[in-house]
Amino acid sequence: MSPKPEQYDVVVLGGGPTGENLADRAKAAGLSTVLVESQLIGGECSYWACMPSKALLRPWLALAHARALPGTRQAVTGELDAAAVLARRDEFTWHWHDDSQVEWLRSTGIELVRGHGRLAGERAVLVDGERLLTARHAVAVCTGTRAGLPEVPGLAEARPWTSRDATSAAKVPERLAVVGGGVVAVEMATAWQGLGSRVTLLARGGGLLDRMEPFAGELVAAGLTAAGVDVRFGTDVTRLARTGGEVTLTLADGGTVVADEVLYATGRVPRTDDIGLETVGLTPGSWLDVDDSCLVRAVEGDWLYAAGDVNHRALLTHQGKYQARIAGAAIRARAAGSAVDTSRWGPHAATADTAGAPQVVFTEPEAAAVGLSLAEAERAGLRVRAVDQEIGNVAGASLYGDDYRGTARLVVDLDRDVIVGATFVGPAVAELLHSATVAVVGEVPIARLWHAVPAYPTISEVWLRLLESLRG
C-alpha cells in the first residue's frame, strides 16, 4: 500500500549548511518547508570538515606565530598539548551531537524528517520507503559530497583515513602518510604534524594546490617542509598493505613508505548515487548541472534545484550557503509567479561562484584567493596584467613576525580597469581576503581603489604597494 502524500511548498533533501540555509530562506518567504536528513543536522562542515579541521589547526598556527617573535619565542618552551587540542575540537563538534542544530531548525518552523530521502518522480521525495513528501513548488537537492577513493590494490584492507577520520580521530598517530596535494591534504598534514605525528605528504603532481596561483603551492610546500613534513612530489602509490598496526605504501618508483595511518585526500564525489535520480531521468552518482539560479537544467518544469557541492560549481561551504540564499530567492519568485532575474549579479544568479568565490587554505603560511588566477583569466580570453608584491616588505608584516615571507598578486582586467582575481600567501593573510572579495565582486575601478587608504602599520598596506606596482 502506497504511503499517503504529505504536501509542502518546498522539500529540502540534505541538512548540511546549504540545506539549512535554503530551508530557512524558503520558510522566511512564507513557504511551508520540510527538511530531510539521515545523518547529523549541520552536515559535513559542522562535524567533519570546516569546524573540526580549523579547531585542530588553530593551536599550531598560534604556536608558530608566537615562535616568530623574540620574547614570545622564549616564552614558548613546550609542545602542543594534543589531548587538550582534541578535546577542544570535540567541543566545536558538540561531541557529534546535533541537538542545538535541531533546536534552531525547529525554532524557525521548518519541519524535520529523519531518514534517507530519495526522489520518487516529479516533485516527490520518499523517506525510508514509508513517508511520501510532495512539493507544490520545489524540491532542492543539497546532499553534498563524500571523499572519493581511487582503485589501488590493498586500499580497502589498509583501512585508510578519509577526511572524516582525519578530523575526528581520537589519538595522534606516530606516523601519518597523506596522499594528495589539495586543500584537505595540506591542512591535515599541517594539523597532525603540529600535534606530533611524523607526516609524509605524497603528491602525485609536481606541486600543491594546483587550482591556485603556482606560488601558493610553492610557499605552502616550503612551510610544510620547514615544519618537518616530508613532502614528496611526482609520487604514485601502487599498492598498500596493512600488517598489524602499520601500513606499507609501495610507490611507483619501487620505494616504500611505512606509517601507522594513511589519509587519502584525493578528491570528492557527489552524494547522488542513492537519491532516486533515475526517477527523474538523471544518472545516479552524477553531479547535477544547474543554471545560475541553481535550477537543474535537465529536468523540465522548473521544480528541481541543486545547491552546494552537489552541483560542482564551487565546493566551498560559504558558496553553498550563498547558493542556498540565491536558490531560496528564486524559489520564492517562481512560487509567486514573479520574474526571475538571472542576469550577471542579478538577485537570482549565483554569479560569485565563477567570478568571485573566496577560499582560504589554513596552513602556515596561509593561502587566500578570490576570483580568477592569471592562467584562468587568460584562458577566459581577458586582456589582463598581474602585479606581485613581497608582503614581508610591508611594515605591518615585519612587525607581525620576524622573517615574514609571503606574496600578494592582483590580476587586473586592463579593458575594464578592475580586479578580477587576487591571491595572498603568508602568515595571517586570511583576513586580507574579504577586502579583495569586495573589490572583485563590486568591480571597483582601480582609480577608486586609490582612495581606499590602508591603515598604517598593517599588513593591508600591501594593497597600496600592489597599486603602486600597477601604476609603475
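This briefing walks through a buried acid, a pocket and some unusual backbone spots. The model is predicted, so treat every value below as computed from that prediction. Glu-37 is a buried residue without a salt bridge, the second largest pocket comes in at about 580 Å³, and there are cis peptide bonds at Pro-365 and Pro-457.

**Glu-37, a buried acid**

- You'll find Glu-37 in strand 2, which covers residues 33–37.
- Glu-37 is buried, yet no salt bridge goes with it.
- Which side chain of opposite charge is nearest to Glu-37? That's Arg-114, 6.7 Å away; a salt bridge would need a side-chain nitrogen of Lys or Arg within 4 Å of a carboxyl oxygen.
- The side chain of Glu-37 does have a polar partner in the backbone: one of its polar atoms sits 2.7 Å from the backbone nitrogen of Gln-39.
- Setting aside neighbours within four places in sequence, Glu-37 touches Gly-14, Gly-15 and Gly-16, plus Val-113, Arg-114 and Gly-115.

**The second largest pocket**

- Rolling a probe the size of a water molecule over the atoms shows where empty space is left.
- The second largest pocket has a volume of about 580 Å³, and 23 residues line it.
- Nearest the centre of this pocket are Gly-223, Ala-226, Glu-364, Pro-365 and Pro-427.
- Helix 3 (50–66), helix 9 (183–194) and helix 10 (214–227) each put at least two residues into the lining.
- Which element gives the largest share of the lining? Helix 10 does, with six residues.

**Cis peptide bonds**

- Most peptide bonds are trans, so the next two are worth a look.
- Glu-364 and Pro-365 are joined by a cis peptide bond with omega of about 10°, and both residues are among those nearest the centre of the second largest pocket.
- Pro-365 belongs to the loop between strand 17 (358–361) and strand 18 (366–371).
- Another cis peptide bond links Tyr-456 to Pro-457, with omega of about -5°.
- Pro-457 is in the loop that runs between helix 16 (446–449) and helix 17 (462–471).

**Positive phi outside glycine**

- Most residues other than glycine have a negative phi.
- His-95 isn't a glycine, but its phi is positive, at about 55°; this residue sits in the loop between helix 5 (82–92) and helix 6 (99–107).
- Is His-95 partly exposed or buried? His-95 counts as partly exposed because its relative accessibility is 49%.
- Arg-159 also has a positive phi, about 50°, without being a glycine, and its place is the loop between helix 7 (155–158) and helix 8 (163–168).
- With a relative accessible area of 51%, Arg-159 is exposed.

Methods: Residues numbered from 1 in each chain as written. Predicted model: local features only at pLDDT ≥ 70, side-chain atom pairs only at ≥ 80, totals over all residues. Heavy atoms only, no water. Helix = DSSP H or I, 4+ residues; strand = E, 2+ residues; numbered from the N terminus. Buried < 20%, exposed > 50% of the residue type's maximum accessible area, 1.4 Å probe, protein only. Lys, Arg positive; Asp, Glu negative; His and termini not counted. Polar contact = N/O pair within 3.5 Å; in protein donor to acceptor, adjacent residues only side chain to side chain. Contact = heavy atoms within 4.5 Å. 1 Å grid on protein atoms, 1.4 Å probe; cavity = no way out; pocket = protein on both sides within 12 Å on 5 of 7 lines; lining within 4 Å. Points joined across faces, edges and corners; volume = space filled by probe spheres on them.
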